[in-house]
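This report describes one protein chain, from its overall make-up to a few selected residues. The sequence and structure are shown first.

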Amino acid sequence: MKLTLKDREKIDFSDDFLFYQQPRYVHHLSSSFRERLTNLYSKYLCEHNVILDLMSSWVSHLPNNKKYKKIIGHGMNESELMANNRLDSYWVQNLNKKQNMPIESSSVDIGLIVAGWQYLQYPEKVSLELSRIIKSNSLLIISFTNRAFWSKSPNIWTQSSTDERIEYVKSVLLANGWTVEK
């Protein structure tokens, strides 16, 4: 799928850093979704894994009973990332302005994007960068709900149904060499 300029436009054109400047110590996902997500992570993440929690916040939804080799966080609000006690390291970056990430090639075992894809204006570039960072034949787990800051989501997201969103995410990943399971 090739995105047009209109697909990438958002209602709120202001700098994303301004929007995310204030920390939001709230759960953006329902408790049942968080529980299912943590159970999914229990199934697929191993203690020897280096994990990238992309577009993270003050929580990572990882199982509390597991310690991982390393958890690298990324987000838009430093206070939220500092409050996330699961992260071993983190950095702040607006992926809608710069998609290159300060991580070595093939150094991450598992990538996670929770409730974040819906804000990407250049998902194909982010996906390609993740394919550089995440080891081949490894996992990228993307999860989302119908909740979002709609003014910060691009039109491709806000004007699509749930099924269309899934197809959109799949098409971007497939175009960048990922294998997709649903």
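## Charge

The chain carries 23 positive and 19 negative side chains, and the centres of these two sets are 1 Å apart. The model is predicted. Eight salt bridges are counted in it; those around Lys152 are taken up below.

## Overall fold and dimensions

Seven helices and five strands make up the secondary structure of the chain. Their order along the sequence is α-α-α-β-β-α-β-β-α-β-α-α. The radius of gyration is 15 Å, close to the 16 Å that the globule rule gives for 182 residues, so the chain is as compact as a globular protein of that length. Along the principal axes, the C-alpha atoms fill a box of roughly 45 × 35 × 35 Å.

## Burial, contacts and surface

Buried residues account for 48% of the 182 in the chain. Among contacts with a sequence separation of 6 or more, 66% are between residues 24 or more positions apart. The accessible surface is about 9700 Å², and carbon and sulfur atoms contribute 51% of this area.

## A buried salt-bridge network

Asp16 and Lys10 form a salt bridge through their side chains, with an N to O distance of 2.7 Å. Asp16 has a relative accessibility of 7%, under the 20% limit, and therefore counts as buried. Lys10 counts as buried for the same reason, at 6% relative accessibility.

A salt bridge also pairs Asp12 with Lys152, their closest N and O atoms being 3.7 Å apart. This pair links distant parts of the chain, 140 residues apart: Asp12 is in the loop between helix 1 (5-8) and helix 2 (16-19), whereas Lys152 is in the loop between strand 5 (134-143) and helix 6 (155-158). Asp12 and Lys152 are both buried. Lys152 further meets Asp16 in a salt bridge of 2.9 Å, N to O. Since Asp16 belongs to helix 2 and Lys152 to the loop between strand 5 and helix 6, the pair ties together parts that are 136 residues apart in sequence. The relative accessible area of Lys152 is 1%, so this residue is buried. Through shared partners, the salt bridges join Lys10, Asp12, Asp16 and Lys152 into one network.

## Ser153

Ser153 is placed in the loop between strand 5 and helix 6. With 1% relative accessibility, Ser153 counts as buried. Leaving aside residues up to four places away in sequence, Ser153 touches Glu9, Lys10, Gln118, Tyr119, Ala148 and Thr158. One of these contacts, Lys10, is also a member of the salt-bridge network.

## Leu54

Leu54 is part of strand 1, which covers residues 50-54. Its relative accessibility is 0%, so Leu54 counts as buried. Beyond the residues up to four places away in sequence, Leu54 touches His74, Trp91, Leu95, Met101, Leu112, Ile113, Val114, Val126 and Leu130.

Leu54 and Trp117 are separated by 63 residues in sequence, and their C-alpha atoms are 9.6 Å apart in space.

Key. Residues numbered from 1 in each chain as written. Predicted model: local features only at pLDDT ≥ 70, side-chain atom pairs only at ≥ 80, totals over all residues. Heavy atoms only, no water. Helix = DSSP H or I, 4+ residues; strand = E, 2+ residues; numbered from the N terminus. Rg over C-alpha atoms; globule rule 2.2 N^0.38 Å. Buried < 20%, exposed > 50% of the residue type's maximum accessible area, 1.4 Å probe, protein only. Contact = heavy atoms within 4.5 Å. Areas by Shrake-Rupley, 256 points an atom, 1.4 Å probe, with all protein chains shown as cover. Lys, Arg positive; Asp, Glu negative; His and termini not counted. Charge placed at Lys NZ, Arg CZ, Asp CG, Glu CD. Salt bridge = Lys/Arg side-chain N within 4 Å of Asp/Glu carboxyl O.
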